[in-house]
Amino acid sequence: MNQPLAYVHPGAKIAKNVVIEPFTTIHNNVIIGDGTWIGSNVTIMEGARIGKNCNIFPGAVISAVPQDLKFGGEDSLAIIGDNCTIRECVTINRGTVASGQTTIGNNCLIMAAAHIAHDCHVGDNAIIVNGVLLGGHVTVGNYAVIGGLSAVHQFISIGDHAMISGGSLLRKDVPPYTKAAKEPLSYVGINSVGLRRRGFTTEKIREIQDIYRILYQKNYNTTQAIGIIEAEMEATPERDEILDFIRNSSRGVMKGYSSSTL
């Protein structure tokens, strides 16, 4: 691991076939898995755990201490799964005592200049587009897509397979399988294109659409809608996932159609 013009701390554990380009700095207490490529001018700080076959592009800073005034120097981690691509100038902060870690799942694409704050948890196959800002304690589901330049308030949850329009301001939770756009952020349909790409059947997509029609288009309040869905619709993993997400929302879920323009 004696790369020309790169510094690797002797306490870092780097797989033998990792490529580290010049001018990169890797601190103590770092683990990097097989097949990963680290571009020039990357900084990987204490507490980073990076999986196999990742690509980290120039200017990225991984596992810097949280931008949180409550952080007291406690040991914590920033964990990145396998097969992830971290593009230029991405910043991923490590966790705080709240959860002890920031996590990125497998097969994720984090595009240039995105920021992932302390104690965020990003699922597998997520795409976070250029310039997205995730506040602390944000949860992003599997296969979720967050459009460029969106800003996500701390403690927000974004469900599996959700798609967020570029430039959005997220102040409320976004349920799974939905598309979210407009200002204030609103439900604008389900992510049917993404679901078809991932093998959901026409019948399953129609079931999800029927659930959200009751939730968002029938003028019921949330409690009424949940009761009707449970009474009238067959229990399926997707139905129960949607209902559990809404019940467990600490900030409340986004509203239905808005009269605001995009």
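1. The side chains of R239 and D240 are joined by a polar contact of 2.8 Å, and this is a convenient place to begin reading the model, which is a predicted one. R239 belongs to helix 4, the helix that runs over residues 237–247. Although arginine is often thought of as a surface residue, the point to check here is the computed accessibility: R239 has a relative accessible area of 9%, and because buried means under 20%, R239 is counted as buried. Leaving aside residues up to four places away in sequence, R239 touches E207, I211, I229, E230, M233 and E234.

2. E238 is also placed in helix 4. Its relative accessibility is 14%, so E238 counts as buried. The side chain of E238 makes a polar contact of 2.8 Å with the side chain of K204. When residues up to four places away in sequence are not counted, the residues that E238 touches are Y177, F200, K204, E207 and I208.

3. Two of the residues touched by E238, namely Y177 and F200, deserve a closer look. The structure holds five aromatic pairs. In one of them, the rings of Y177 and F200 have centres 6.0 Å apart and planes at 70 degrees, and because an angle over 60 degrees counts as edge-to-face, this pair is described in that way. Y177 lies in the loop between strand 25 (169–170) and strand 26 (178–181), while F200 lies in the loop between helix 1 (192–197) and helix 2, so the pair ties together parts that are 23 residues apart in sequence. Y177 counts as buried at 3% relative accessibility, and F200 counts as buried at 17%.

4. Another aromatic pair is formed by Y187 and Y212, and this one is stacked, with 5.5 Å from centre to centre and 25 degrees between the planes. The pair links distant parts of the chain, since Y187 is in strand 27 (residues 186–190) and Y212 is in helix 2, 25 residues apart. Both Y187 and Y212 are buried. Together with Y216, these two tyrosines, Y187 and Y212, form one aromatic cluster.

5. Which residues of helix 3 are buried? In this helix, which covers residues 222–232, they are A225, I226, I228 and I229. Seen down the axis of helix 3, these buried residues fall within an arc of 165 degrees, so they line one face of the helix. On the other side of helix 3, T223 and A231 are exposed. The buried residues of helix 3 are covered by parts that include helix 2 (202–216) and helix 4; I229, one of these buried residues, is also among the residues that R239 of helix 4 touches. At the N-terminal end, helix 3 is capped by N221, which has a side-chain oxygen 3.2 Å from the backbone nitrogen of T223.

6. A further point concerns R87 and F57, where the charged end of R87 sits over the ring of F57, at 3.9 Å from the centre of that ring.

7. Finally, a word on annotation. An unreviewed UniProt entry places the feature "domain: UDP N-acetylglucosamine O-acyltransferase C-terminal" at residues 173–254, and this assignment should be read as coming from that record, where annotations may be inferred rather than shown by experiment. Over residues 173–254, the chain is 52% helix and 11% strand, and the C-alpha atoms at the two ends are 6 Å apart.

Terms used. Residues are numbered from 1 along each chain as its sequence is written. This is a predicted model: local features need pLDDT of at least 70, side-chain atom pairs count only at pLDDT 80 or more; totals for chains, interfaces and linings use all residues. Side-chain values use heavy atoms; hydrogens and water are left out. Helices (H or I, at least four residues) and strands (E, at least two) are DSSP runs, numbered from the N terminus. Buried means under 20% relative accessible area, exposed over 50%, partly exposed in between (1.4 Å probe, protein chains only). A polar contact is a pair of N or O atoms within 3.5 Å; within protein, one must be able to donate a hydrogen and the other to accept it, and residues adjacent in sequence count only if both atoms are side-chain atoms. Contact means heavy atoms within 4.5 Å. The arc is that of the directions from the helix axis to the C-beta atoms. Rings of Phe, Tyr and Trp (its six-membered ring) pair if their centres lie within 6.5 Å; planes under 30 degrees apart count as stacked, over 60 as edge-to-face and the rest as tilted. A charge sits over a ring if NZ of Lys or CZ of Arg is within 6 Å of the ring centre and within 35 degrees of the ring normal.
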